[in-house]
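Here are some exercises to work through with the model open beside you. Try each task before reading its solution.

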Amino acid sequence: MTKKKPRIRFAGFDGEWERRKLMNEVFSIDTGKSKFTLKTTGNYEILGSTSLIGYDDSYDYEGDFLLTARVGANAGELYRHSGKVKISDNTVFIQGQQLDFIYYALLNFDIKKLSFGTGQPLIKASELKNQNLLIPISNSEKEQISVYFCNLDRLITLHQNKYDKLTNIKKAMLEKMFPKNGANVPEIRFKGFSDDWERRKLEEVVDIYDGVHQTPEYKDSGIMFLSVENITTLKSNKYISEESFKKDYKVYPQKGDILMTRIGDVGTPNVVETMEKLAFYVSLALLKPTNIESYFLCNAIQSSLFQKRLRDRTLITAIPQKINKEEIGKIDIILSTFVQEQRQIGAFFKQLDKLIALHQKRVEKLQSIKKACIEKMFV
């Protein structure tokens with residue numbers, strides 16, 4: 001028997017939902033025009049499927065919404081819009097009443113199954129019109145569901161905006177708190193420091209080690225094994241045995257060390273904060289500070305000047321691109337000779353990174369909640 005009730009509902013609603021054609025619930029479902037005369041000025045923004053990727057205006061819930069009809073794997077994606085737009089024939093637009101509910105109901109509907117054709121699949125407005133959706137009889141239930149998801153999207157957008165803002169602040173501060181090319185001091189410094197910074201080779205302030213070159217035999221538990229894809233969190237669900245660890249790792253990451261990607265993604269660092277033993281693959285380089293503060297170095301590596309010097313020594317044409325371990329130590333780094341200045345700079349960026357991670361985790365958690373609720377609050 002076909003289920004006609006969602007698993008989760010607001011109090012006061014218990015009747016079955018009705019199956020209705022989408023075209024009977026909205027004013028229109030249509031495709032944009034195939035040709036426009038492009039002008040440098042005008043009142044309308046022209047949107048095709050490519051323009052829509054990543055396009056979202058989550059604060060305007062009174063407008064229509066758009067569907068990418070043709071862009072490879074992105075066919076069938078839904079996007080909000082606000083303001084005046086013209087849309088191409090790669091885009092389907094939907095207009096009508098109670099569009100909030102329809103928008104979220106379609107997020108639970110596998111629109112991509114309607115696509116046809118090879119290469120870049122196409123979704124036709126005519127096909128979408130005839131699709132059946134299970135919809136609550138009560139307008140009040142529709143409204144409560146819509147308000148819930150609109151508020152959830154506002155929270156997601158709020159934290160996403162804070163994450164974006166903090167990320168931009170960090171990018172700007174990396175430029176200002178580390179010297180630019182040709183400069184001996186940064187634009188911004190903490191009070192009490194005025195001496196020139198000094199140029200060193202990276203190998204003068206850290207010891208550099210490789211990870212294992214062979215793919216290990218993974219276990220369900222044991223010593224956590226890290227690779228390039230784990231650099232952001234330094235967490236993994238892969239483990240190796242204690243015996244393999246003792247055999248392959250005479251030197252391993254310890255608290256305060258830095259792991260940096262060197263194959264595929266080159267030059268993304270992170271500071272090890274755990275006291276637990278860690279194993280790592282050859283796609284990561286282990287930097288053990290000998291004469292430099294860890295968080296200062298981690299952010300110095302992220303500065304544009306260091307990244308440029310890193311790219312200069314990276315084998316860009318290799319597949320995947322990589323930097324040889326021996327080349328890493330030859331990169332010039334400009335650093336403050338005052339340990340206290342290094343510590344203050346490191347502490348500043350450490351706190352900023354915590355705030356960025358906080359909002360990123362909130363976005364991810366809210367997106368997970370939204371996904372679970374979409375599945376449970378629609379049929």
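**Exercise 1. A hairpin and its sheet**

Which residue of β14 is the bridge partner of I258? Then place the two strands within their sheet.

*Solution.* This is a predicted model, so begin with how confident it is: the mean pLDDT of the protein chain is 87, and 83% of its residues reach 70 or more.

Step 1. Look across from I258 into β14, and you find V271 as its bridge partner.

Step 2. Widen the view to both strands. Strand β13 covers residues 258-263 and β14 covers residues 265-271; the two run antiparallel and are joined by five bridges.

Step 3. Check the turn. One residue sits between the strands of this hairpin, and G264 takes a positive phi near 85°.

Step 4. Add the other strands. The open sheet has four strands in the order β10-β16-β13-β14, with antiparallel pairing. Its edge strands are β10 (206-210) and β14, each of which pairs on one side only. On average, and ignoring direction, neighbouring strands of this sheet are turned by 25° against each other.

Step 5. See what packs on the sheet. Helix α6 (residues 294-302) does so, touching β10, β13, β14 and β16, and its direction makes about 160° with that of β14.

Step 6. Finish at the β10 edge. Here β10 and strand β16 (residues 284-289) run antiparallel and are joined by five bridges. Within β16, P289 is the bridge partner of V206.

**Exercise 2. A helix with covered residues**

Which residues of helix α7 are buried, and what does their cover include?

*Solution.* Step 1. Go along α7 (residues 304-312) and pick out the buried residues: L305, F306, Q307, R309 and L310.

Step 2. Now look at what covers these residues. The cover includes β13, β14 and α6, along with β9 (198-201) and β17 (332-335).

Step 3. Set this against the whole chain, where buried residues make up 42% of the 379 residues. The secondary structure of the chain comes to nine helices and 17 strands.

**Exercise 3. Aromatic rings across the sequence**

How are the rings of W17 and F378 arranged? Go on to find the other rings linked with them.

*Solution.* Step 1. Start with the total: a search of the whole structure finds 19 aromatic pairs.

Step 2. Take the pair of W17 and F378. Their ring centres are 6.2 Å apart and their planes lie at 85°, so the pair is edge-to-face.

Step 3. Locate both residues. W17 lies in the segment before β1 (18-21) and F378 in the segment after α9 (339-377), so this pair ties together parts that are 361 residues apart in sequence.

Step 4. Judge their burial. W17 is buried, with a relative accessible area of 2%, and F378 is buried too, at 3%.

Step 5. Look at another partner of F378. With F101 it forms a tilted aromatic pair, 5.4 Å centre to centre and 45° between the planes. F101 lies in helix α2 (residues 99-107) and F378 in the segment after α9, so this pair ties together parts that are 277 residues apart in sequence.

Step 6. Draw the whole cluster. Ring pairs link F10, W17, F101, Y103, Y104, Y148, F149 and F378.

**Exercise 4. Two loop residues**

N230 and D195: buried or partly exposed?

*Solution.* Step 1. Find N230 in the loop between β11 (223-226) and β12 (239-240). N230 counts as buried because its relative accessibility is 11%. Leaving out residues up to four places away in sequence, N230 touches F225, K235 and S236.

Step 2. Move to D195, in the loop between α4 (139-177) and β9. D195 is partly exposed, with a relative accessible area of 42%. With the same sequence neighbours left out, D195 touches V185, R189 and F338.

Step 3. Compare sequence with space. D195 and S336 are 141 residues apart in sequence and 8.1 Å apart in space, C-alpha to C-alpha.

**Exercise 5. Where to read with care**

Over which residues does pLDDT stay under 50?

*Solution.* Step 1. The stretch is residues 55-63, for which the model has 26 contacts beyond four places in sequence.

Step 2. Decide how to treat such a stretch. Where pLDDT is low, the predicted coordinates should not be read in detail.

How values were computed:
Residues numbered from 1 in each chain as written. Predicted model: local features only at pLDDT ≥ 70, side-chain atom pairs only at ≥ 80, totals over all residues. Heavy atoms only, no water. Pairing = 2+ DSSP bridges. Buried < 20%, exposed > 50% of the residue type's maximum accessible area, 1.4 Å probe, protein only. Contact = heavy atoms within 4.5 Å. Axes fitted to C-alpha atoms, helices over the stretch in contact; angles between N-to-C directions. Phe/Tyr/Trp six-rings, centres within 6.5 Å; stacked < 30°, edge-to-face > 60°. pLDDT = per-residue confidence, 0-100.
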